[in-house]
Amino acid sequence: MTGTEDNINEMLKIRRDKLKELQDMGEDPFLIEKYEYTHHSMTIKENFEELEGETVSVAGRLMSRRGHGKVSFMDLQDSEGRIQIFAKQDVLGEEAYKKLSYLDLGDIIGVKGVVFKTKTGEISVRAEEIILLTKALQMLPEKFHGLKDPDLRYRQRYVDLIVNPEVKKIFIIRNKIIKAIRDFLDNRGFLEVETPILNTIAGGANARPFVTHHNTLDIDMYLRIANELYLKRLIVGGFEKVYEMGRMFRNEGMSYKHNPEFTSIELYQAYADYEDMMEITEQIVAYAAEKALGTTKINYQGREIDLTPPWKRMTMIEAVKEYTGIDFNQIDSDEEARKIAKEKGLEITSDMKRGNVISEMFEEFCEEHLIQPTFITHHPVEVSPLAKRNPDDPRLTNRFEAFVNTWEIANAFSELNDPIDQKERFLEQVRKREAGDAEAHMMDTDFINALEVGLPPTGGLGIGIDRLVMLLTDQSSIRDVILFPTMKPIVDE
């Protein structure tokens, strides 16, 4: 064991010894159930003129301590910020002042005292009573270095929130964004609903599901990869505007913008189309930015991005033509499309159709250029199994993806409501699944039945909440906007 480890272990032991002494004196902090506080730190600072000379009670974590002899200064941190505590033996009494020696950084305390301003002009509380509410048996990171290791920050988010105040602000903004989205939809007459997380069929997206087992029914089930098919059943049932915001689960790769457990919102509106969904998308993002940040013009990692509607619109074929020079309106055969893609250096398989090639070309050569908000429309039918065909070109669909900062943040369709066409597309997905594509759709016969009952013309939209929060809070990793991201456990050797 190193000398540093010895020192740490000794300091941890001292904390436990202090706790034991308090318990032996009948002053066990862990027996305290409640503390009545009257104010938070920032409330006191913002209302100093009204509160000066008044007695207040505050509660929070002891973050620093300094002083000498019969006077001590402490910083107390609560949910709003920090405030200085001024402790003087003459005010507290000799016995109570001596017991301050039992306090360590990180302890949670309650303080009752008078609001005043020190000679240096700092708003403070002159303590008349200090109560230890919780003894911290672990040490916080050293204040000048803090908690910097990203892996440790995500694993011990509770410590991260204590010592890195800017982290808490990210999640406060996240909350404002989510509230704004709900307010926007509620004000437009949408109904928030709940659909199953445990599914017998993983549908609504091309993704690999997590598998679990239901013991009573003795069947395997899937954590939902999307809630689309249930929400469309509700439109069949007579609801005209529905949405659900919640967790989705996809058993696939992890990256700076992918977490296996993530938050998204899907909404569906009867008698609407993908054009209506475009208007909702740009308006809802602008509304959320305005409510959370006070502006629709943001800076992301040094890039100026203007979220103000209306956003740019391009078809996928137009985007491929602009950024590669290849016009797929002039290319009809699958063979010619595959040949061109190979010449461009793409890995193409012999079963890929023209539509698959268009999608691959777009992803490889176009997405990186889509910095400002852009709607990419009319995806090939091969990559859009749930979208309605475009009447002018049945090889394409009335679908869009919204891109900002090169990321897809939203996906929407004029929903396919032809049960015969839908069944054929499901069968094609099943063939792909049988050929080894673990992300292809499963057959959902009950959903086909629902379409046969009758789905009105419907517009549907999905927005990735985590990516939107990343964008609006200027965070470079999805882990920085999820309180408890998925982590590989540390195994003790």
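Mentor: A nonpolar core is a set of buried Ala, Val, Leu, Ile, Met, Phe, Trp, Tyr and Cys residues joined through side-chain atoms within 4.5 Å. Please keep in mind that the model before us is predicted.

Trainee: Which residues touch the most other members of the largest nonpolar core?

Mentor: That core has 49 residues, and I181, L185, L307, F400 and L461 touch the most other members. One of these may be followed further: L185 is in contact with F190, Y243, I265, L267 and I284, apart from its neighbours within four places in sequence. There is also a second, separate core of 25 residues, which includes V58, V111, I123 and A127.

Trainee: How should I read a helix? Which residues of helix α12 are buried?

Mentor: Begin with the buried positions, and then ask where they point. In α12, residues 334-343, the buried residues are A337, R338, I340 and A341. They lie on the same side of α12, because they cover an arc of only 160° around the axis. On the other side, E335, K339, K342 and E343 are exposed.

Trainee: What do the buried residues of α12 pack against?

Mentor: They pack against α13, residues 354-365. After α12 comes G345, which has a positive phi, near 90°.

Trainee: Which residues of helix α11 are buried?

Mentor: In α11, which spans residues 316-324, M316, I317, A319, V320 and T324 are buried. The buried residues of α11 fall within an arc of 160° when seen down the axis, so they line one face of the helix. Their packing partners are β14 (312-315), α13, β15, β17 (393-397) and β18 (399-404). Just after α11, G325 has a positive phi of about 85°.

Trainee: Strand β15 is among those partners. Where is T374 placed, and is this residue buried or exposed?

Mentor: T374 belongs to strand β15, residues 374-377. T374 counts as buried because its relative accessible area is 4%, and buried means under 20%. The T374 side chain reaches the backbone oxygen of Q372 at 2.8 Å. Beyond residues up to four places away in sequence, T374 touches K312, M314, E401, A402 and F403.

Trainee: How should I read a charged residue? Is K232 buried or exposed?

Mentor: Establish its place and accessibility, and then look for its partners. K232 lies in helix α9, residues 228-236, and is buried at 0% relative accessibility. The K232 side chain makes a polar contact with the side chain of E415 at 2.6 Å. With neighbours within four places in sequence left aside, K232 is in contact with Y268, L386, E415, F447 and L455.

Trainee: Where does D107 lie, and what does its side chain contact?

Mentor: D107 is in the loop between α5 (94-98) and β4 (108-117), and is buried with a relative accessible area of 0%. Its side chain makes a polar contact with the side chain of K135 at 2.9 Å. In addition, a polar atom of the D107 side chain lies 2.8 Å from the backbone nitrogen of D104. Among the residues that D107 touches more than four places away in sequence are R15, G60, Y102 and L132. A network of salt bridges links K18, D104, D107 and K135.

Trainee: How many salt bridges does the structure hold?

Mentor: It holds 30 salt bridges. When reading one, ask where the two residues sit and whether they are buried. R153 and D160 form a salt bridge with their closest N and O atoms 2.9 Å apart, and both residues are buried. R313 and E282 form another, with the closest N and O atoms 3.7 Å apart. R313 is in strand β14 and E282 in helix α10 (residues 274-293), so the pair ties together parts that are 31 residues apart in sequence.

Trainee: Are R313 and E282 buried or partly exposed?

Mentor: R313 is partly exposed, at 38% relative accessibility, whereas E282 is buried, at 5%.

Trainee: Where do D421 and R425 lie?

Mentor: Both lie in helix α14 (residues 419-434), four residues apart, which is about one turn of the helix. D421 forms a salt bridge with R425, and the closest N and O atoms are 3.1 Å apart. Both D421 and R425 are buried.

Terms used: Residues are numbered from 1 along each chain as its sequence is written. This is a predicted model: local features need pLDDT of at least 70, side-chain atom pairs count only at pLDDT 80 or more; totals for chains, interfaces and linings use all residues. Side-chain values use heavy atoms; hydrogens and water are left out. Buried means under 20% relative accessible area, exposed over 50%, partly exposed in between (1.4 Å probe, protein chains only). Contact means heavy atoms within 4.5 Å. Helices (H or I, at least four residues) and strands (E, at least two) are DSSP runs, numbered from the N terminus. A polar contact is a pair of N or O atoms within 3.5 Å; within protein, one must be able to donate a hydrogen and the other to accept it, and residues adjacent in sequence count only if both atoms are side-chain atoms. The arc is that of the directions from the helix axis to the C-beta atoms. A salt bridge is a side-chain nitrogen of Lys or Arg within 4 Å of a carboxyl oxygen of Asp or Glu.
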